[in-house]
Amino acid sequence: MEEIKVNAVIEEGWKKILEEEFESDYFKKLKLFLIEEKKTHTIYPPGSLIFNAFNHTPFNKVKVIILGQDPYHGPGQAHGLCFSVNHGIPQPPSLKNIFKEIKNDLGIIPPKHGNLESWANQGVLLLNATLTVRANNAGSHQKKGWETFTDKVITKLSENKVGLVFLLWGNYAQAKAELIDQTKHHILKSVHPSPLSASRGFLGCKHFSKTNELLKQQGKEEIKWAIS
C-alpha cells in the first residue's frame with residue numbers, strides 16, 4: 001500500500017537516522033494499524049503528506065523545533081506540519097494566536113492564510129507527536145506507536161546536534177523536555193496558544209524574537225517569521 005511505504009517518502013537524512021525505527025516491531029504494528037484504518041475510515045493527512053515535516057526540513061537543516069500534539073481532523077486542514085493548514089483553509093484559533101504573538105513580538109502583520117511551509121523550509125521542524133488521525137475524531141491515533149517514533153525523533157535531534165531551539169507550548173509539549181539535553185540545546189516554554197490558555201502567558205512570551213536571538217548568538221541565520 002503506497003501511502004504506508006514510509007521509507008519511500010521521507011528525506012534521506014531522516015531515513016538514515018531513523019532506520020532502526022522503521023524496522024522495529026512497534027512501527028510494523030503501527031503500519032498494520034494504519035492499513036486497517038484506511039479500509040474503513042478517512043485518515044488525515046493524506047498518506048503522501050504524513051512525513052511532510054521531515055521532507056520540508058531535512059535532518060541537516062533543522063534549527064528550531066515546534067512541537068504539536070495531533071494533526072487537525074477536519075477536511076483539507078492537515079498537511080503534515082503542526083499548527084499549519086493548507087492554503088484556502090481558515091486559520092484555526094491556535095494558529096491565529098501564534099500570528100497575534102508574532103505581531104506583538106516583531107510587528108509582523110498576520111498573513112491571510114495559515115500555511116507554514118516557509119518556516120519549515122528555513123529549518124523549523126513542525127512536528128506533531130502523533131502523525132495521523134481519523135477524520136473528525138481528535139486523538140484517535142494516539143498510543144498506537146506514533147509517540148514512540150516522534151520521541152525518538154526528538155532524542156536523535158538532541159544527541160546528534162548542538163544549539164537547537166525547542167519551543168514547547170503547553171503541558172504536553174513541555175513533558176518532552178526530559179528527552180532533550182539542556183546542556184547542548186535551548187528550550188523556550190509557555191502555555192499553549194489555544195484560546196483556552198493563550199492569555200495566560202503565550203501572548204507576550206516573545207518566543208519568536210528570542211529564538212532569533214539564540215540563533216544569531218550561534219552565527220546561524222535567523223528565521224524570517226513573516227509569511228507572504
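## Gln-91 and the α3–α7 packing

Gln-91 has a relative accessibility of 15% and therefore counts as buried, the cut-off for buried being under 20%. The model is a predicted one.

Gln-91 sits in the loop that runs between β2 (64–68) and α5 (93–106). Its side chain makes polar contacts with two backbone oxygens, those of Pro-111 and His-113. The distances are tabulated below.

| Side chain | Backbone oxygen | Distance |
|---|---|---|
| Gln-91 | Pro-111 | 2.9 Å |
| Gln-91 | His-113 | 2.8 Å |

Which residues does Gln-91 contact once its neighbours within four places in sequence are left aside? They are Lys-96, Phe-99, Pro-111, Lys-112, His-113 and Gly-114. Pro-111 and His-113 thus appear in this list as well as in the table, with Pro-111 at 2.9 Å and His-113 at 2.8 Å.

A separate feature is the packing of two helices. Two packed helices are described by the angle between their axes and the distance between those axes. For helix α3 (residues 25–40) and helix α7 (residues 146–160), the angle is about 130 degrees and the axes are 9 Å apart. That angle makes α3 oblique to α7. The crossing in which α3 passes α7 is left-handed.

On the α3 side, the contact involves Tyr-26, Phe-27, Leu-30 and Leu-34. These meet Trp-146, Thr-148 and Phe-149 of α7. Sorted by class, the contact between α3 and α7 comprises six nonpolar residues, one polar residue and no charged residues.

Technical notes: Residues numbered from 1 in each chain as written. Predicted model: local features only at pLDDT ≥ 70, side-chain atom pairs only at ≥ 80, totals over all residues. Heavy atoms only, no water. Axes fitted to C-alpha atoms, helices over the stretch in contact; angles between N-to-C directions. Helix = DSSP H or I, 4+ residues; strand = E, 2+ residues; numbered from the N terminus. Parallel < 35°, antiparallel > 145°, perpendicular 65-115°, else oblique. Left-handed = near helix turned anticlockwise from the far one by under 90°. Contact = heavy atoms within 4.5 Å. Nonpolar A, V, L, I, M, F, W, Y, C, P; charged D, E, K, R; others polar. Buried < 20%, exposed > 50% of the residue type's maximum accessible area, 1.4 Å probe, protein only. Polar contact = N/O pair within 3.5 Å; in protein donor to acceptor, adjacent residues only side chain to side chain.
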